[in-house]
Each structure stands twice: as C-alpha cells, then as structure tokens.
Amino acid sequence: NNQAVETGLGGANMTGNVLLMHLNNDTGENATFFKDWSGLGNNGTCSGTGCPTLNITNFVLNKAYTFDGSNDVISGTDTNFPTGNSSRSIFMWVYPNALATGWRTFFFYGTEATGNGIVFSTDSGAPTKLILGRHGANSADSTVALITNAWQHIGFTISDGNNVTFYINGINAGSSTLSGISTTLSSFKIGDGWNTGDIFNG
C-alpha cells in the first residue's frame with residue numbers, strides 16, 4: 001500500500017503512487033482525518049457537518065464512507081501529484097445513490113484557476129457519463145454510462161500529453177483527447193469540485 005509492488009494483490013505495482021485513500025476508518029484515522037497510505041503524507045480532513053458518514057453495511061473492502069450530496073467533502077494537500085501534461089491515472093470505487101443533472105465530482109486536484117486543475121466527475125449535461133475536465137475549460141467524456149445503486153470501479157488514464165482513456169470495472173469506457181492539460185498544484189478534494197456544490201451523492 002505504498003511505494004512498492006504489492007505481492008499480495010496480484011503484483012500491483014504501486015511505485016510512483018502519490019495518494020492512496022482506504023476510506024475505511026483504519027488505525028490512526030477518525031471521523032475527520034483520512035490517512036494517505038502512499039507514504040507521502042497527503043492526508044485528508046473534513047469538519048463538522050461537512051464530513052462523510054462511515055458506512056459499515058455497504059462496502060467493497062472492509063468499510064466505506066457515504067457522501068450526502070449536500071456538503072460532504074474531504075480535502076488535503078497534493079504534494080508530488082502529476083503536473084503539467086504529464087501521464088497519470090486515478091481510480092476509485094464508487095456507489096452512486098443518484099446521478100442528478102449538474103456536476104457530481106468524485107475527485108479534483110490542482111489550482112482553482114482556468115485550465116490549471118483536473119476534475120473527475122459526472123457530466124452536467126449527461127449525468128450518467130464520466131467526464132474529465134480542465135478547471136473552467138475543455139473536457140472529455142466517457143462513452144459508457146454509470147448506474148446507480150451499485151458499486152463500480154471507475155477511473156481514467158492520461159498518456160502522451162492529452163490522450164484520455166476512461167475505465168468502468170476494468171473495461172475501456174471510451175477514449176478521447178483533452179488538449180491543453182497544464183495542471184498546477186494546490187490541493188485535492190474528494191466529493192467536490194472547483195465550484196462548491198458539485199457534491200457527490202453516494
């Protein structure tokens with residue numbers, strides 16, 4: 001679960017991993033502190049009513065957290081995250097309770113300035129589709145839809161500067177080009193994007 005090959009997980013190569021959130025209330029975590037298991041210390045926090053709720057009945061691995069679709073968000077530092085148009089990948093398990101019109105953000109990182117952040121969310125115009133966007137600029141969409149009330153493993157890769165490939169449950173969910181990627185670092189958010197209120201429900 002850090003900068004090594006995970007021999008117990010089918011040989012998953014975690015070298016270069018910059019953020020690994022278990023989100024299952026492991027030892028050393030609590031309701032407002034979420035440990036980054038990559039070893040780089042990009043821990044997440046939340047406060048008050050803006051914290052997701054620990055879910056011990058519906059999960060994939062041990063436990064999970066439920067985001068209320070209203071104000072729940074985890075935020076933290078993005079030290080050593082990929083910048084510019086360098087290659088990267090982000091993957092996660094999600095269980096959407098609803099896919100309503102409007103941005104519903106899974107993950108955002110970077111600077112909240114036009115073109116300088118990366119947002120991974122559902123599409124405001126086609127809420128069942130995955131979208132990867134540059135903060136306040138252009139975006140790329142998946143061709144395969146998410147469903148509600150089911151766990152799905154979702155993610156994307158960026159390669160060769162602007163080639164984006166989406167994945168749902170390990171299957172290619174569409175490829176596209178996202179020109180002008182120029183990420184600069186500031187922070188990350190789980191469950192919200194660059195516009196406060198783009199809250200994930202699930």
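This passage describes an open sheet and the aromatic contacts of a predicted model.

The sheet is open and has eight strands. Their order is β3-β4-β7-β16-β9-β10-β11-β12, and the pairing is antiparallel. Strands β3 (33-34) and β12 (139-145) stand at the edges. Each has a single partner strand, so one side of each is left without a neighbour in the sheet. The partner β4 covers residues 44-45 and runs antiparallel to β3, with two bridges joining them. Within this pairing, F33 stands opposite T45 of β4.

Aromatic contacts were searched for across the whole structure, and 10 pairs were found. One of them joins F91 and Y167. This pair is tilted, at 5.9 Å centre to centre and with 40° between the planes. F91 belongs to strand β8 (residues 88-94) and Y167 to strand β14 (residues 163-168), so the contact ties together parts that are 76 residues apart in sequence. F91 is partly exposed, at 37% relative accessible area. Y167 is also partly exposed, at 25%.

F120 and F156 form an edge-to-face pair. Their centres are 5.1 Å apart, and the angle between the planes is 65°. F120 lies in β10 (residues 117-122) and F156 in β13 (residues 152-159), so this pair links parts 36 residues apart in sequence. F120 is buried, with a relative accessible area of 0%. F156 is likewise buried, at 0%.

An aromatic cluster is formed by F81, F107, Y109 and F188. A charge also meets a ring: the charged end of K35 sits over the ring of W37, 4.1 Å from its centre.

Notes:
Residues numbered from 1 in each chain as written. Predicted model: local features only at pLDDT ≥ 70, side-chain atom pairs only at ≥ 80, totals over all residues. Heavy atoms only, no water. Pairing = 2+ DSSP bridges. Helix = DSSP H or I, 4+ residues; strand = E, 2+ residues; numbered from the N terminus. Phe/Tyr/Trp six-rings, centres within 6.5 Å; stacked < 30°, edge-to-face > 60°. Buried < 20%, exposed > 50% of the residue type's maximum accessible area, 1.4 Å probe, protein only. Lys NZ or Arg CZ within 6 Å of the ring centre and 35° of its normal.
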